[in-house]
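Reader: I am in my first year of study and would be grateful for a close look at the cysteines of this protein. Could you please explain how they are placed, and then set them in the context of the whole chain?

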Amino acid sequence: YFRYQEVHSTPTNLERFASQWANVEKQLKVDKVYLETTRNNQLATESDVTTLKKFFESRGIKVSAGLGFTVNESNGFQSFCYSNKEQRDRVREMTEFTAKYFDEIILDDFYFTNCKCDLCIAAKGDKSWTQFRTEQMDEVSKNLIIGPAKKINPNVRIIIKYPNWYESFQGLGYDLAVQPKLFDAIYTGTETRNGESGQR
């Protein structure tokens, strides 16, 4: 899984990367990679994506995409505000861009909401944060992710990736009752984490 940072920076240093990748392939058989097109509200360019995709495909490696929907990772994993029209439009734009180039997209486990702005408070009304956020993320899944992606590329397969699970995650909009039925597949549970970090 190549994060946006690598996807955006590698094409300008492709010769160096090719040498590093050759060392990886001496020790490991890689048959698939994911290229993340967005993270921290940044979006890769067409050149970034097509250059790296061609690099891996020329080596017989399947290439899929990743979407890291976070506005500011270093600020407590600040999410997009899915009550804000401009931010909703940005998420749709990122999804449509990615679907143009890939037949498979995985949503990184940034796919949640932790926004408590005035717009979200007003939209929440009397609902609990869990009810509001699960309902909101179900709607976002249909109208900002799945629908726009499949309109651009009817063949695209979209996978939702869940983090190692805690019940409290429902309060961030992860809806295990509804979302698995909306997406083409789910994925979870095989990440390696730093044992000293809070993410285990």
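Author: A residue counts as buried when its relative accessible area is under 20%, as exposed when that area is over 50%, and as partly exposed in between. The model shown is a predicted one. By this cut-off cysteine 115 is buried, because its relative accessible area is 14%. Cysteine 120 is also buried, with a relative accessibility of 0%.

The next matter is the bonding of these residues. A disulfide is a covalent bond between the sulfur atoms of two cysteines. For a pair to be counted here, the two sulfur atoms must lie within 2.5 Å. The closest cysteine sulfur to that of cysteine 115 belongs to cysteine 117, and the distance is 3.6 Å, so the two are too far apart for a bond. For cysteine 120 the closest cysteine sulfur is in cysteine 81, at 3.7 Å, which is again too far for a bond. The search of the whole structure accordingly returns zero disulfides.

These cysteines belong to a protein of seven helices and six strands. In sequence order, the elements follow the pattern α-α-β-β-α-β-α-β-α-α-β-α-β. The radius of gyration is 17 Å, and a compact globule of 200 residues would have a value near 16 Å, so the two agree. The C-alpha trace spans about 55 × 40 × 30 Å along its principal axes. Of the 200 residues, 43% count as buried. When contacts between residues at least 6 apart in sequence are considered, 79% of them join residues at least 24 apart.

Two further buried residues show how parts of the chain meet. Threonine 98 lies in helix α4, which covers residues 85-101, and threonine 98 counts as buried because its relative accessibility is 0%. Beyond its neighbours within four places in sequence, threonine 98 is in contact with Thr37, Ala65, Leu67 and Ile105. Arginine 39 lies in strand β1 and is buried, at 6% relative accessibility. Its contacts outside the same sequence window include Tyr1, Gly68, Glu73, Asp108 and Phe110. The C-alpha atoms of arginine 39 and aspartate 108 are 9.7 Å apart, although 69 residues separate the two along the chain.

The loops offer a contrast in burial. Asparagine 41 is placed in the loop between β1 (32-39) and β2 (42-43), where its relative accessible area of 29% makes it partly exposed. Asparagine 41 has a positive phi of about 65 degrees, although it is not a glycine. Phenylalanine 77 is found in the loop between β3 (62-67) and α4. Phenylalanine 77 is partly exposed, with a relative accessibility of 32%, and its phi is positive at about 55 degrees, although it is not a glycine.

Finally, the surface and the charges may be described for the protein as a whole. The accessible surface comes to about 10700 Å², and carbon and sulfur atoms account for 48% of that area. There are 27 positive and 27 negative side chains, and the centres of the two sets lie 2 Å apart. To return to the request, cysteine 115 is buried, cysteine 120 is buried, and zero disulfides are found in the whole structure.

Conventions
Residues are numbered from 1 along each chain as its sequence is written. This is a predicted model: local features need pLDDT of at least 70, side-chain atom pairs count only at pLDDT 80 or more; totals for chains, interfaces and linings use all residues. Side-chain values use heavy atoms; hydrogens and water are left out. Helices (H or I, at least four residues) and strands (E, at least two) are DSSP runs, numbered from the N terminus. The radius of gyration is taken over C-alpha atoms; the globule rule is 2.2 Å times the number of residues to the power 0.38. Buried means under 20% relative accessible area, exposed over 50%, partly exposed in between (1.4 Å probe, protein chains only). Contact means heavy atoms within 4.5 Å. Accessible areas come from the Shrake-Rupley method with a 1.4 Å probe; for residues, only the protein chains shown count as cover. Lys and Arg count as positive and Asp and Glu as negative; His and the chain ends are not counted. The place of a charge is taken as NZ of Lys, CZ of Arg, CG of Asp or CD of Glu.
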